[in-house]
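I am opening the notebook on a two-chain model and will record what I look up, entry by entry. My plan is to begin with the cores, then turn to the sheets, the chain A fold and the contact between the chains.

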Amino acid sequence: MNTDVIAETEYVRGTSLWRDAWRRLLKNKLAVFGLIVVILITLASLLGPAVIKRTMGFTPDFIPTHDTRLIGSFPPFTGPDGEFSWTHPMGTDNAGRDQLARVLQGGQISLFVGIISTLVSLLIGVSYGAIAGYVGGRLDNVMMRIVDVLYSLPYVIVVIVLLSMFRSQTPRGQLVLLFIALGSVSWLTMARIVRGQVLSLKNQEFVMAARATGVSARRIIFRHLVPNTLGPVIVYATLTIPQIMLTEAFLSFLGFGVQAPLASWGSLAADGIQNIAIFPWQLIFPGVTMALTLFSLNFLGDGLRDALDPQMRTT
Amino acid sequence: MSETDGNLLEVKDLRTYFETEDGIVKAVDGISFQLKRGETLGIVGESGSGKSVTNLSIIRLVPDPPGKIVSGEVIFNGQDLLLLSNTAIRKIRGRRIAMIFQDPMTSLNPYMKISRQLMEMTQLHLGHTRAQAHAHAVKMLETVGIPDARARADSYPHEFSGGMRQRVMIAMALSCEPELLIADEPTTALDVTIQAQILELIKTLKRETGTSVILITHDLGVVAGMTDHVIVMYAGKIFEQAKTAELFSTPGNPYTKGLLRSVPDPTAEQGKLYQIPGLPPDVAHLKPGCPFAPRCDKVAEICHREFPPFVQLNADHYSLCHFAREVYAESGGGRVS
């Protein structure tokens, strides 16, 4: 008797899509590994340089000019006289700067470039695709042909031309330019994905119902349709971050990206490759850190896709 | 208030055509009717007869392209809706004319809380603040009989059953106290017990608020219990128009007679159910005569040659048929001319 009453008053709380997806994500070991590594590397990059400064007393761009013995590249865990030392766990570079601090600072910039450019691509790509898809007809045609034209340009060359044309005097200016250049070419696929989603969503009855209640087109696009495309958008954004980071590394490697004294994993690797035969740790540490991060982000992206789109899962 | 004749809505010679690769489809072809304040109008017809398009045309929601309202007037409160700007018609949608759709499973946004979707209405049209809108949303959910409305308002649509969702749709449609409610097959997607509840709810709320209702359906039983007037549509045309009681007792059109015969009779012992032979015509390629001619049991040579006249049988009974008067007399009507 009593249980009946309880069953009647307490309705079953349904699980939301997001909670379901989260549970599926946690079941995927590679994705969990990716998530943990990404969080650790992000935290280390954000806090690491400050911690090193407090405990060890040097910044990433500190060159030990007070002691000429310290200038020069030392292997990991090695002091100036070849003895074991905790001071530089990743060794030092040619000028005697601490590698660990530089890799962590490089991580800051690499992640920053990846995330900001992805946000730019989200902002432009989602609105562009959603508007094209919802309005349809001639506008859609014109907008998507523009995307097609931009797609057909070799975008690395576009970025290189952009960067060298507006070459900035300060390293920070160069960094901003890099954001603009990467962001402006990376929204194309996002626009296509969102447009495709909106095309299939806009004929659903809830859009008609919203229109029948007098909701404006702008509100329908951004309040009703865009949230419905969130799943694929999140997945694609997660996969865009490593892609952009790789492009940034590539550009920095070629000398178009991040300029000294700022460092990114790409520019550290570029410095390291010159001495690969004698000082291999100069390439290995930034290279491995970057590879690990990219792996993790890709695992996480794949995991998210499987979690958010159960129909696509293969058993 | 200029509408001295008490007409809330007056549709005159409405024509909505769709351009398809197969030619022009005349989905709605010269429809006229009136709806008085507080009355309920039923529109019945088979699938593809133009019922839904008629109503989408009234609030100008026909997908364009391919659809186009070619001609006609839709006078709502003395104002031709077809001449209004897009902004002006948006202020009427939801505020003064609201719609309930057929499939409650898909007509709520799956990513928005029920309360948000209800609040959107009143924030938009009545200028409610968030708090006012939320309170109003809960009140509306209580009105349509959702138990524990305050707690359930913040659930998502997938946590509701079909009947519950249709109640939410009704709450949404009525939350701005519209003058006209268009219900497009509101019970088709629901099972029979829920159907009865939903219809009863619409009836009660209509009585309480004095809203006029247009009820689109293909269920004659629903029409009989709910409406004051009925329009029977076929191939984009009005075939018969009458007061509900009269249409059922003395139909003046062979198509209506066929429809009425098709309603299963629970008292009948056994036997096959009657069905009108043939299929609804392809409205893209209509022949010059009566569109119902190939399926009609009263068909004559003239039916294939000439389009039938719209015959007035009495004060408010019209029928589109060459033999309207005969059919009407056969069913026992027409003692007065």
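**Notebook: cores, sheets and interface**

I looked first for the largest nonpolar core of this predicted model, and I found that it holds 101 residues, of which B:Ile170, B:Ala171, B:Ala173, B:Ile214 and B:Val232 touch the most other members. I then asked which element gives the most to this core, and noted helix H6 of chain B, residues 162–174, with eight residues. I also listed a second, separate core of 60 residues, which includes A:Leu100, A:Val159, A:Ile221 and A:Tyr236.

I next followed one of the core residues, B:Ile214, and, leaving out residues up to four places away in sequence, I noted that B:Ile214 touches B:Leu35, B:Leu41, B:Ile43, B:Asn55, B:Leu180 and B:Ile182. As a background remark, I wrote down that nonpolar side chains tend to be buried together in soluble globular proteins.

I turned to the strands of chain B and traced an open sheet of four strands, whose order is S2-S1-S4-S5 and whose pairing is antiparallel. Strand S2 (23–36) and strand S5 (79–80) of chain B stand at the edges with a single partner strand each, so one side of each is left without a neighbour in the sheet. Within this sheet I checked S1(B), residues 7–20, against S4(B), residues 67–76, and recorded eight bridges between these antiparallel strands; as one position to inspect, I marked B:Thr16, which stands opposite B:Ile69 in S4(B).

I then looked further along chain B, where strand S11 (residues 310–314) and strand S12 (residues 317–320) pair in the antiparallel sense over four bridges. A hairpin of two residues joins S11(B) to S12(B), and I noted B:Leu320 in S12(B) as the bridge partner of B:Phe310.

For chain A, I counted 13 helices and zero strands. I recorded that 40% of the 315 residues of chain A count as buried, and that, among the contacts in chain A with a separation of 6 or more, 69% come from residues 24 or more positions apart.

Finally I examined where the chains meet, and found 17 residues of chain A in contact with 24 residues of chain B. On the side of chain A that touches chain B, helix H9 of chain A, residues 205–212, gives the most, with six residues. I sorted the residues on that side of chain A by type, and they divide into six nonpolar, nine polar and two charged.

Technical notes
Residues are numbered from 1 along each chain as its sequence is written. Chains are lettered from A and ligands numbered from 1 in the order in which they are written. This is a predicted model: local features need pLDDT of at least 70, side-chain atom pairs count only at pLDDT 80 or more; totals for chains, interfaces and linings use all residues. Two strands pair if DSSP finds at least two bridges between them. Two residues are in contact if their C-beta atoms, placed from the backbone, lie within 7 Å. Ala, Val, Leu, Ile, Met, Phe, Trp, Tyr, Cys and Pro count as nonpolar, Asp, Glu, Lys and Arg as charged, and the others, Gly among them, as polar. A nonpolar core is a set of buried Ala, Val, Leu, Ile, Met, Phe, Trp, Tyr and Cys residues joined through C-beta atoms within 7 Å. A residue is buried if 20 or more other C-beta atoms lie within 10 Å of its own, exposed if 12 or fewer, and partly exposed in between; C-beta atoms are placed from the backbone.
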